[in-house]
Amino acid sequence: MKKIKRHFKEFKSQATLQLMVIPGLVFMFVFSYIPIYGLLIAFKRYTVLDTFSTAEWVGLDNFRIILSDPIFWTSVRNTLGISFIKLMIGFTVPIILAIMIYEIANGKFKKTVQTITYLPHFLSWIILGGMLISWLSTNGLLNQILSILKISYKRPNWLLDPNKYWMIAVLSDIWKSSGWGTILYLASMARIDPSLYEAARIDGANRMKQIRYITLPGISRIISLNFILAISGILGSNLDQTLVLMNSQNRAKAEVISSYVYKMGVVQGDFSYATAVGLGTSVISLILLIFGNRLTKKLNDNESVF
């Protein structure tokens, strides 16, 4: 009873702050929790003529169809391939970029570098996709540069080659997101005690040793958090990027789970099938989230960010 009274007093003393939280809670409830009821259609044969209650129950039939669908497994292969490459390359690039920006002594130059690297994040995939389609075309910027450097005299359309799509998707995603991804790392580095660097310099530690023994341990919790989120998002490849860069020639390597769900649900109107795919993906992502949390916990002496 005393604990309840104490919590009530704390709540009352922070009434203004609590009221500021209410719009966010209402938004989350309306758009994140109420739609969960719609997951029922994954176990029904639902059409636009039905309601959630009148649609026919089919049990696990939709999931059986998924397991026998070769196009779905192609999208799974592409999603895992692109996501693993993004995880191996794209996860480390923001860390390295953040350390490089942090080590810049000139304040004006540092701000200029930050602005340039942040800029692609604020451009939509429609704009960036149009730029990439132009640059990677037969007479595009890339082929002109290769021709000038006499590296290649061929002028292929890079986006029409399915074997090159994965790297194009990965590198373009890194280009767009790596600058923005440095923000959390730079904020964590700003909290590191400068006296640690001074003591390290007195002891004769060079730049690389300072980064290894001071900077990286100082941002280890943020690295762990981002790693957990990256692991849990392996099955959630960028839909906007895929819809912009995918074409009839590279579809075999470009089709990912999110674009397949979009095609089946929105384009073809098979809402039950698309919901079943989305539900299965969400369950697997939750399992990966738990796995990533336990893995980072073991690597950080049983300390978890959650």
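**Exercise 1. Decide whether valine 76 is buried or exposed, and place it in the fold.**

Valine 76 has a relative accessibility of 12%, so it counts as buried (buried is under 20% relative accessible area, exposed over 50%, partly exposed in between, with a 1.4 Å probe and protein chains only). This is a predicted model, in which local features need pLDDT of at least 70, side-chain atom pairs count only at pLDDT 80 or more, and totals for chains, interfaces and linings use all residues. Residues are numbered from 1 along each chain as its sequence is written, and side-chain values use heavy atoms, with hydrogens and water left out.

Next, the element: valine 76 is in helix 4 (residues 70-90). Helices (H or I, at least four residues) and strands (E, at least two) are DSSP runs numbered from the N terminus. Finally, the contact in space: valine 76 and tyrosine 260 are 184 residues apart in sequence, yet their C-alpha atoms are 9.6 Å apart. Tyr260 belongs to an aromatic cluster with Phe72, Trp73 and Tyr273.

**Exercise 2. Classify the ring pair of phenylalanine 43 and phenylalanine 63.**

Step one is the count: the whole structure holds 11 aromatic pairs. Rings of Phe, Tyr and Trp (its six-membered ring) pair if their centres lie within 6.5 Å; planes under 30 degrees apart are stacked, over 60 edge-to-face, and the rest tilted. Step two is the geometry: the centres of these two rings are 5.5 Å apart and the planes stand at 40°, so the pair is tilted. Step three is the location: phenylalanine 43 lies in the loop between helix 2 (15-33) and strand 1 (44-45) and phenylalanine 63 in helix 3 (residues 61-67), so the pair ties together parts 20 residues apart in sequence.

**Exercise 3. Do the same for tyrosine 102 and tyrosine 197.**

With centres 6.4 Å apart and planes at 45°, the pair is tilted. Tyrosine 102 lies in helix 5 (residues 92-103) and tyrosine 197 in helix 10 (residues 194-202), so parts 95 residues apart in sequence are tied together. As for exposure, tyrosine 102 is partly exposed at 25% relative accessibility, whereas tyrosine 197 is buried at 7%.

**Exercise 4. Compare the span of helix 12 with the expected span, and list its buried residues.**

Helix 12 (residues 220-232) has 13 residues. The expected span is 1.5 Å times one less than the number of residues. From first C-alpha to last, helix 12 reaches 18 Å, close to the 18 Å expected. Its buried residues are Ile222, Ile223, Ser224, Asn226, Ile228, Ile231 and Ser232.
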